[in-house]
Amino acid sequence: MSYVGQPLRRREDRRLLTGRGRYVDDIRVPGTLHVAILRSPHAHAVITAVDVTAARAIPGVRLVLAGADFVGRIGSIRPNWVIPGTAVPDRPVVATDRVRFVGECVAVAVAETRAAAEDARDLIDVMYEPLPAVVDEEAAIADGAPQLHDNVPNNITTRYKVGGGDYAEAARSADHVLRLRLVNNRLIPTCMETRAILAAPEDDGSLTVYMGSQVPHMHRRWIAETVGIPEHLLRIVAPDIGGGFGAKMHLYPEELLCAWLARTLQAPVKWWESRSESHQATSHGRAHTEHLEIAIRNDGRILGLKVETLGNVGAYLSNMASGGPTVNTVNFGTGTYRIDNYQAVAKVIVTNTVPVDAYRGYGRPEGAYIAERAVEATARHLGLDPVDVRRLNFVQPTEFPYRPYGSKGVFYDSGNYQGCLDKALAMFDYAARRAEQAPLRASGRYRGIGVAAYTEMCGMGPSRRLGMIGFDRGGWESARINIDSGGKATLFSGSMSQGHGHVTVLAQIAADTLQIPVDDITVVQGDTRQVQAGHGTFNSRSMAVGGSSTKVCAGRIVTKATKIAANMMEVDEKDVAYQAGRFVVPGTDIAPLSFATVARMAYVGHALPAGLDPGLDETLFYDPTGLGAPSGVHMAYVEVDPETGVVEILDYVAVDDAGIIINPLLAEGQIHGGVVQGIGQALYEDVHYDRETGQLLTGSLLDYAVPRADTMPAIRSCFQETPSPTNPLGVKGIGESGTIGAPPTIVHAVLDALAPFGITHLDMPLTPSKIWAAIQQAQEAKS
C-alpha cells in the first residue's frame, strides 16, 4: 500500500497517553543543583548596587552571582537574523548597569534545593534608580520618548521598504482612498509545558543539556559560541516537548546560565520556569500597529495599497526579531490579491517590554491581516458582498507561479484561490446563511459571516537566499537512514517535533520510498549526539524540507540496494525493478529478492559490485530550491449578544491548500490547533502593560485569557491539493495556516454581526466588554 495520503494514527501517542512521556522536568540526575533567577521589578532603571551577602548565608546555597560576575565569562546574546542595516543593541546575559523590561535577569542563585535557591534569590538586595519607560510602539518613536539604547536612535533598529508599481498614481486614479489603523495584539505563547533546562557534566568532560528545543543543533552552536564550550563537548537532548509554537527556538539567558554554571560547579544544574515567570521571561508574539491606505474603484477593484508597519520587538532584538515586522510581514501585505501598486515601510521598534519574536506564523498572520482587512473595508465601504470583492481581486490560477507587485523576493509557487473559495462556500452553505440574516436581525438576533483568504511563503530556505537577507543559518535539512541486516530502518532526522507527529509522517514518507512496512521504521530526533545535523522545526518546514530530505535519502538507499540486487541476480542494474518491496527482473523467471535479503547481503558483503562499500547507510543534506506557498479560505458564522457583547462561534469552515497531504488526520489536527490559537488572538488574548510604569498587568493565567475547549466550535476542515513544484514531495507547510486564517475570519464575522449598529472596525481581541462598549457608543451616537 501507499502510506502517503493515509490517515494513520500517531505512533507516539500510546506512550504519551499512558504517562510514559519524558519531559525535561521528568529527568533526574543525582546531585542536581537548582537555579533561581532574580528579575527586575522595573521596566527601565539604572542598577546602582547589588548586595548578595544575605543570600549567600542561606544553608545549602552554592553560588550567588550578579551581572558584573558574568562579564567576560558569558558573551552577549546575539540575534540570529539581522536584516542588513539593522542597529543591534547589546544584550548581556544578566543585566549589569541597566534594566530595560520587567523580568530581565538581574542576579542568579544556585542551591541544593529549589526552595533554598528561591529563598536566596529573595534576599538579594538590588538598588535601582527608576527611569521613564515606554511600552507602546507609537509612543516609542515620538519626540521626547525615553531612549533604550545609545546605538538605536529614536528606538528604531531597522527601517525596511518594499513595493512595486506606482501607488501615488493608483491613489490619484482611484474613486476612493480608504484609511485604516490596525492593531495586531501582543500575545504570550502559552505552551502547556513551560521552559526547563537541565545541564549535566559528563565523566568524559562533555556537557549534556536537556531542554525543550525546536532547534537542538542550532542551540548547540549558539550555547557553545556564547559560553565558550567547544562544540564537540556539548550535547543537546530535546526530549518530549509540550508545545513550542516558535517560542522554544530562541536563545535565552537561562540556557547560557545553566550551561556555564554546570561547567563552573562541575555539577548538574536545573532551572524550571513557573507560569508567571514564563509570562515575563519567554518571548512574546505579534505586537504591531499598521496604518493603511487603500486606493479602490467603485466596482471593488483594489488599485493600490500603502502600508506602514510599526513592529514592537521589546527591549532587545531577540533571535529573529528584525525579520518579523519586515520581511515576514510587509512582503506579504497584498495577500492572495493582485495589487500591482504597493508601497510598504516597516519600522522595528524597541520598547520597555518583554522581547517579541517568532510565534506560530510570525509575520504572516500580520501580513494576511493587512490584506484581509483592506479587502473587507473595501467591501463594507462600497456596500458589496465581501466574497465578490475577493473573487474580483484574486490572483488567478493561470498566473502561477506568481510574483506579487513584481517582487524579486516573494514568489508564490502554485495555488488556486478560487477553488478554495468555492469549496468553502459550498461547505458553509453561504447563500442560505446570508438569506437568514435579515429575518434574524429583525427579531433581535445578530449573526455574522466572516470570510478570509490567506497565503504565505514557508519551508525556510534555500541557504543562499537566507544569507542574502541576514540569516546566520542555512536552509537545508538532513536525514540519515540506516538499514540493519534484517531490513529494518532507522531514520535520523534533523527536524524536531513538538507534538506534530513527525515519528508517524516521516516514517510514512520513508516507508513509501523504501517499500517496507511503516512499523519497520524507527525515527530518531532531538539528540545532537545521535542525529548528524539539522536546523530543526519552525516556519512550517518539517515536511517540505525535512520530509524531502527523508524521501531523497530513502531513494539513495533503494538505488544502492538495486545495484546489490542486480549483482546477486547477475543481471544489468537497468534490468532490475523494485516493486512492492521486492527486486525483480520483469520478463524473466529469475526469483525475486526481498529487501531484507538484499539488506543482509549488503552487510555480509559476499556479492557486492566492484567498488561498492558494504552496508546500507545513507546521509543526505537537502537544500530546497525554493519555498512553498500554502493558501486557503476560512469562513465563520457567529452570533453576538448585544446585551453582553459575548460572541458565540456557531460554525467554522477551513479549506486549506498545503500541496500534497502526507497524513490527512494529522494535517487536520494542525489546522484545528492553529485555528484555536487564531481564535484566541481574535477574541481573548492580549498582553497589557501599564503605560506609565511598564509593569506587566497580565502576569499569569488569572489575567491572561486563553481559549478553552468549551468555547471552541466544531472546526470543519478539508483540503485542496495543489502540488508544489519546489520539492520532490509536492508539499507545502501547514503548521501556521490556522493562526493566519482565523483572526481576520473571526473579526470579519463579528463586524458583520455588528453592521446594523454602524460599527465598521474594532481591534483584536474582540472581548465582550469591548463589543458591548462599542454597541453602547453606537446607540448613543444615533440617539
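1. Let me start with a strand pair in this predicted model. Strand β2 (residues 45-51) is joined to β4 by 2 bridges, and the two run antiparallel. If you would like a residue pair to look at, try Val 46, whose bridge partner in β4 is Arg 98.

2. That pairing belongs to an open sheet of 3 strands, ordered β4-β2-β6, with antiparallel pairing. Which strands stand at the edges? They are β4 (98-99) and β6 (125-130); each has a single partner strand, so one side of each has no neighbour in the sheet.

3. Next, a residue in a loop: Ser 318 sits between β14 (302-312) and β15 (341-349). Is Ser 318 buried or exposed? Its relative accessibility is 6%, and because buried means under 20%, Ser 318 counts as buried.

4. It is worth displaying the surroundings of Ser 318 too. Leaving aside residues up to four places away in sequence, Ser 318 touches Pro 79, His 250, Pro 355, Val 356 and Asp 357.

5. Now to a pocket. The second largest pocket has a volume of about 750 Å³. Its lining is made up of 26 residues, and those nearest the centre are Glu 12, Arg 15, Pro 239, Asp 240 and Val 503.

6. What kinds of residues line the second largest pocket? The lining divides into 10 nonpolar, 9 polar and 7 charged residues. As for secondary structure, α1 (13-17) and β19 (521-524) each contribute at least two residues to this lining.

Notes: Residues are numbered from 1 along each chain as its sequence is written. This is a predicted model: local features need pLDDT of at least 70, side-chain atom pairs count only at pLDDT 80 or more; totals for chains, interfaces and linings use all residues. Side-chain values use heavy atoms; hydrogens and water are left out. On a 1 Å grid over the protein atoms alone, a cavity is a set of points where a 1.4 Å probe fits but cannot get out, and a pocket is an open set with protein on both sides within 12 Å along at least five of seven lines; lining residues have an atom within 4 Å of a point. Grid points are joined across faces, edges and corners, and a volume is the space filled by probe spheres set on the points. Helices (H or I, at least four residues) and strands (E, at least two) are DSSP runs, numbered from the N terminus. Ala, Val, Leu, Ile, Met, Phe, Trp, Tyr, Cys and Pro count as nonpolar, Asp, Glu, Lys and Arg as charged, and the others, Gly among them, as polar. Buried means under 20% relative accessible area, exposed over 50%, partly exposed in between (1.4 Å probe, protein chains only). Contact means heavy atoms within 4.5 Å. Two strands pair if DSSP finds at least two bridges between them.
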